[in-house]
Structure formats: structure tokens, C-alpha cells
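User: Hi! I'd like to talk through a fold with you. Here it is:

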Number of protein chains: 2
Amino acid sequence: MDKLLKAEKAILAFLEDYAKGYKNSPDGLDTQLIVDPKRHHYQLLRIGWSNKKFVHFCVFHFDIKGDKIWVQVNETEELIVDELARRGISPADIELGFQPEYLRGAGLPAAFA
Amino acid sequence: MDKLLKAEKAILAFLEDYAKGYKNSPDGLDTQLIVDPKRHHYQLLRIGWSNKKFVHFCVFHFDIKGDKIWVQVNETEELIVDELARRGISPADIELGFQPEYLRGAGLPAAFA
């Protein structure tokens, strides 16, 4: 399978699986899956009015740039690399955009390894 | 023209025009236009590393739901209703989602009218 299609498929499968957890959420928020198939941006968003406050919360944001998946936002404790690996993506093809460049690709600091 | 297509065209024209203002921005951030043509979500996002901090900032977020354009996020002082009206959209077809329901459609409070 084409690498880009495979990456997109894995991201969408993960986001759709994760979104199921909000199905019976009592907070009244909508869950938006946002897919830009042309520019390769993917988000899971929680949006709406809850407790008289407006909420616009990006849970996950992925981009595909070149042959890499960039994780730009992960507001959960899900281990994205593991989740995508389980869906056929090599960890070497994932960059954590929210990590500073000096940490990226370096693996975990020794204290956490 | 089909109403949905017309709404989409107006939103994209506005977002693309607005994005031009970031072209020579010195902050090093990327400007992402996000278009989900299937679910009808539209965003303009600023993203990346600036001054050693990671920025993920949604400038605008529009949805098309039914025959209305919902403005979910506007982090600028642009008057969205005017901007969309200039692009052929009737103010009656625009809802400000970030305003509480009791204000929506009521127009400005008397003090501002």
C-alpha cells in the first residue's frame, strides 16, 4: 500500500476508535473529527457549550509531512507511537512535533528509559 | 449556486485572504489552512516553535451545519458577519457559536447598537 495512504488509514482508525469513548459523554459537547485529505491534517476536537462555558478543545492533531507522521497535539495519556505501531506504522516514521528539536528522535531521557 | 457550495467558497476566500497577512511573519510559525470538505469544518491555524515555545493556535474555526455557517472561533477583531456578507453571505445565515444561546440572533445589546 502507498505509504501516505497507509499513514492516513492508521491515523483515522486511531482517531475514530478514540472518539467512541466520548459517545455517552454527559458534558453535552460535540466530538468533531476533522480530516483534510488534501493538505493532510487530522484532528479530533471537542466543541460546544458545557456548564455555561464555551469549549473548543483540540484533543489530537496529526499532520503528514513528507513520509513522516507529525503528532502536533496529544492532550491525552495515550502512547501515540504504540497506538500507531499497533496499526502498522513504524516508530521511525513518527515525529513528536510538540517536543523540542533537541529531544526529537533521541528517545527517552535515561531516567525514563 | 448551491447554498452549501456558496458558503464554502465564501469561507475559503476569507480564510485564504486572511492567511496572506502571515506571509512574512517573523515568528517562524506555520500557517495551516484546514479544510474538511466532507464534514464541513474549516480552520486557520498557527503552529510551530517560536521563542522556544510550541504554539498551536486556532485563529478561526467555521462549521457549516444545515443551511447555516457557524463561527466557532474568531481570535481576531475581524467582523466576520461583515467579511462574509462582502463575499455574498446573508447575515441571517451566520450563527456565532461562541456566543451563548440567549445572545444569538438577538443582535447587539442596546448599549452597543
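User: In which sense do S3 and S4 of chain B pair, and over how many bridges?

Analyst: Happy to help! Bear in mind that this is a predicted model. Strand S3 (residues 53–65) and strand S4 (residues 68–74) of chain B are antiparallel partners, joined over six bridges.

User: Which residue does Phe60(B) stand opposite?

Analyst: Asn74(B), which belongs to S4(B).

User: Nice. What order do the five strands of chain B take in the sheet?

Analyst: The order is S1-S2-S3-S4-S5, in an open sheet with mixed pairing. S1 (30–36) and S5 (94–96) of chain B are at the edges; each has a single partner strand, so one side of each has no neighbour in the sheet. On average, neighbouring strands of this sheet are turned by 20° against each other, direction ignored.

User: And what does helix H1 of chain B lie across?

Analyst: H1 (residues 3–20) of chain B lies across S1, S2 (41–50), S3 and S4 of that chain. Relative to S3(B), the helix runs at about 155°.

User: Switching topic: how many disulfides are there over all chains?

Analyst: Zero, from a search of the whole structure. For Cys58(A), the nearest cysteine sulfur is that of Cys58(B), 8.5 Å away.

User: Why is there no bond from Cys58(B)?

Analyst: Because the closest cysteine sulfur, in Cys58(A), is 8.5 Å from its own, which is too far for a bond. The cut-off for a disulfide is sulfur atoms within 2.5 Å.

User: Are those cysteines buried or exposed?

Analyst: Cys58(A) is buried, at 12% relative accessible area, and Cys58(B) is buried too, at 13%.

Methods. Residues are numbered from 1 along each chain as its sequence is written. Chains are lettered from A and ligands numbered from 1 in the order in which they are written. This is a predicted model: local features need pLDDT of at least 70, side-chain atom pairs count only at pLDDT 80 or more; totals for chains, interfaces and linings use all residues. Side-chain values use heavy atoms; hydrogens and water are left out. Two strands pair if DSSP finds at least two bridges between them. Helices (H or I, at least four residues) and strands (E, at least two) are DSSP runs, numbered from the N terminus. Axes are lines fitted to C-alpha atoms, for helices over the stretch in contact, and angles run from 0 to 180 degrees between N-to-C directions. Contact means heavy atoms within 4.5 Å. Buried means under 20% relative accessible area, exposed over 50%, partly exposed in between (1.4 Å probe, protein chains only).
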